[in-house]
Amino acid sequence: MNIQTLYLRDFRNYETAQLALSPGVNVFCGENAQGKTNILEAVGLLSTTRLFRSGQKRDAVRFGAQQAEVRAAFFAEKRDRTVRAVIPQAGRAQFFVNEVKQKRLSDVTGVLRTVLFCPEDLLLIREGAAARRRFMDIALCQLRPNYARYLSEYGKLHENKLRILKDAEEKPSLLDALDDFSFRMSAIGGHIVRYRAYYLRALMEKAQGIHASLSGKNEQLSYCYHTVSAVPDPFASAKEIGMQIWEHMCAHRAAEIASRSCLSGPHKDDLELLIGGRSAKSFGSQGQVRTCALSLKLAERDMFYDSTKEYPILLLDDVLSELDAKRQDFVLNRIENGQVLITCCEPEKLAQVQGGRMFLVSQGTVQQV
Ligand SMILES: Nc1ncnc2c1ncn2[C@@H]1O[C@H](COP(=O)(O)OP(=O)(O)OP(=O)(O)O)[C@@H](O)[C@H]1O
């Protein structure tokens, strides 16, 4: 899958811009605040229907303009296709696939597939477990529709159980339904844990190879999937895991009531990442953490390829800072197959790029060099 041309009108700081992209690496270089990330954000919008930096789509409309427009002509599934977004300052955004207006945003999501790596992704390693669960869940939901259904059902049960625990002090009869919710959460939790275990095993196998190449074989990435302590084997059958979670919930019933919170279940899972056997979160340097997060993203891209036989477009925002020369060379020249869009601030980096296309970005204009 690759974008051939990208057109922007009144999008962020661009009045109009038309870019012809390479099917391989495309580097966007310029000083701070010139519009490099805005280009990646435009592609992200066409892929996910969202702006990765703002909750409100209208933030993308150029100051003083009435509506923004972004269009990509791209090649996917062996044919030429287009996707276009029109975002008015007031009112709903509209999306078109092959110039046919789409009724539901879900029909647009994934038509153009992207994997984004931005500076915030470093939080994936450094932050709490919720960020890593989100990373697993977003990838798994796209690859496995059944997982998305289990996760949504589990989320609803979790919310209801939490309401019961919170309100039980005022209305103790609510506790009559507690075990029913716990049992259903356990049963669905069994599926969630099993999906995560298999996904992480495949993902981390790829991430380990990528991390070794990125670090020149100097560092070894490993992982530990932490789930409910009563589950000794997350690869066991969903039924078996579900029963183990149920037993754990029963053992913590009194504590859950006392603390008015759900103490047991895969909503507390974590993915621990280790570099050379030590926690990346606690001991990793900036560069190591960046390498680790990047390896996970590149592995996610390979997982997409395995299931769709097409590489999603890789959007790398400001990845090069903090990486040493060897790691930068890997990013610029050795990510094989698929289209890559990279932003960077240092023009001297352009000299290191051995193929692809380079662009200078300045005050909302883009010039190929
Ligand atoms: N709706 C908008 N209308 C006009 N300009 C906007 C709008 N939204 C953001 N901008 C401008 O876009 C510029 C930022 O662009 P962008 O984030 O792409 O910069 P960048 O080149 O990636 O910078 P850095 O290297 O600092 O990350 C800022 O000057 C900002 O004021």
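Let's start where two parts of this protein meet: 4 residues of domain 1 are in contact with 4 residues of domain 2. On the domain 1 side of that meeting place you'll find 1 nonpolar, 1 polar and 2 charged residues. Keep in mind as you look around that this is a predicted model.

So what are these two domains? Domain 1 comes in two stretches of the chain, 2–113 and 313–351, while domain 2 covers 123–283. Their centres, taken over C-alpha atoms, are 33 Å apart. UniProt has its own label here: an unreviewed entry lists residues 3–353 as "domain: RecF/RecN/SMC N-terminal". Over those residues the chain is 42% helix and 21% strand, and the C-alpha atoms at the two ends are separated by 20 Å.

Now move to the ligand. Which residues come nearest to it? Of the 19 residues around the ligand, the nearest are Asn13, Asn32, Lys36, Thr37 and Asn38. Sorted by class, this shell holds 6 nonpolar, 8 polar and 5 charged residues. Helix H1, residues 36–48, supplies the largest share of the shell, with 3 residues.

The UniProt record has something to say about this stretch of chain too. An unreviewed entry gives Gly30, Glu31, Asn32, Ala33, Gln34, Gly35, Lys36 and Thr37 as "binding site". Pick two of these and compare their surroundings. Ala33 sits in the loop between strand E3 (25–29) and H1. It has 10 other C-beta atoms within 10 Å, so Ala33 is exposed. Lys36 belongs to helix H1. Because Lys36 has 26 other C-beta atoms within 10 Å, this residue is buried. Leaving out neighbours within four places in sequence, the contacts of Lys36 are Phe28, Gly30, Thr343 and Val361.

Let's stay with H1 for a moment. How far apart are its end C-alpha atoms? They are 19 Å apart, and this agrees with the 18 Å that its 13 residues should span at 1.5 Å a residue. What about its surroundings? 12 of the 13 residues of H1 are buried, so the helix is largely enclosed by the rest of the structure. Among the buried ones are Ile39, Leu40, Val43 and Leu46, along with Glu41 and Ser47. Thr48 is also in H1, but it counts as partly exposed because it has 18 C-beta neighbours inside 10 Å. From Thr48 you can look a long way along the chain to Ser259: the two are 211 residues apart in sequence, and their C-alpha atoms are 38 Å apart in space. Right after H1 comes Thr49, with a positive phi near 70 degrees.

That positive phi deserves a pause. Most residues other than glycine have a negative phi. Two more residues to look at are Asp10 and Arg12. Asp10 lies in strand E1, residues 2–11, and its phi is positive, near 50 degrees. Arg12 is in the loop between E1 and strand E2 (14–20), and has a positive phi of about 50 degrees. Are they buried or exposed? Asp10 has 21 C-beta neighbours inside 10 Å, so it counts as buried. Arg12 has 22 such neighbours, so it counts as buried as well.

For a contrast, find Asp80 in strand E5, residues 79–88. Asp80 has 10 C-beta neighbours inside 10 Å and therefore counts as exposed. Not counting residues up to four places away in sequence, Asp80 touches Ala73 and Phe75. Asp80 and Ile3 are 77 residues apart along the chain, with 9.6 Å between their C-alpha atoms.

Finally, head to helix H4, residues 145–167. Its 23 residues should span 33 Å at 1.5 Å a residue, and its end C-alpha atoms are 33 Å apart, which agrees. Which residues of H4 are buried? They are Tyr147, Tyr150, Leu151, Tyr154, Leu157, Lys161, Ile164 and Leu165. The spacing makes sense once you know one thing about helices: an α-helix has 3.6 residues a turn, so residues three or four places apart point the same way. And what covers these buried residues of H4? The cover includes helix H3 (129–143), helix H5 (178–214) and helix H7 (253–259).

Key: Residues are numbered from 1 along each chain as its sequence is written. This is a predicted model: local features need pLDDT of at least 70, side-chain atom pairs count only at pLDDT 80 or more; totals for chains, interfaces and linings use all residues. Domain bounds come from an automatic or database domain assignment. Two residues are in contact if their C-beta atoms, placed from the backbone, lie within 7 Å. Ala, Val, Leu, Ile, Met, Phe, Trp, Tyr, Cys and Pro count as nonpolar, Asp, Glu, Lys and Arg as charged, and the others, Gly among them, as polar. A residue is near a molecule or strand if its C-beta atom, placed from the backbone, lies within 6 Å of it. Helices (H or I, at least four residues) and strands (E, at least two) are DSSP runs, numbered from the N terminus. The expected span of a helix is 1.5 Å times one less than its number of residues. A residue is buried if 20 or more other C-beta atoms lie within 10 Å of its own, exposed if 12 or fewer, and partly exposed in between; C-beta atoms are placed from the backbone. UniProt positions are given in the numbering used here, feature names are shortened, and annotations may be inferred rather than shown by experiment.
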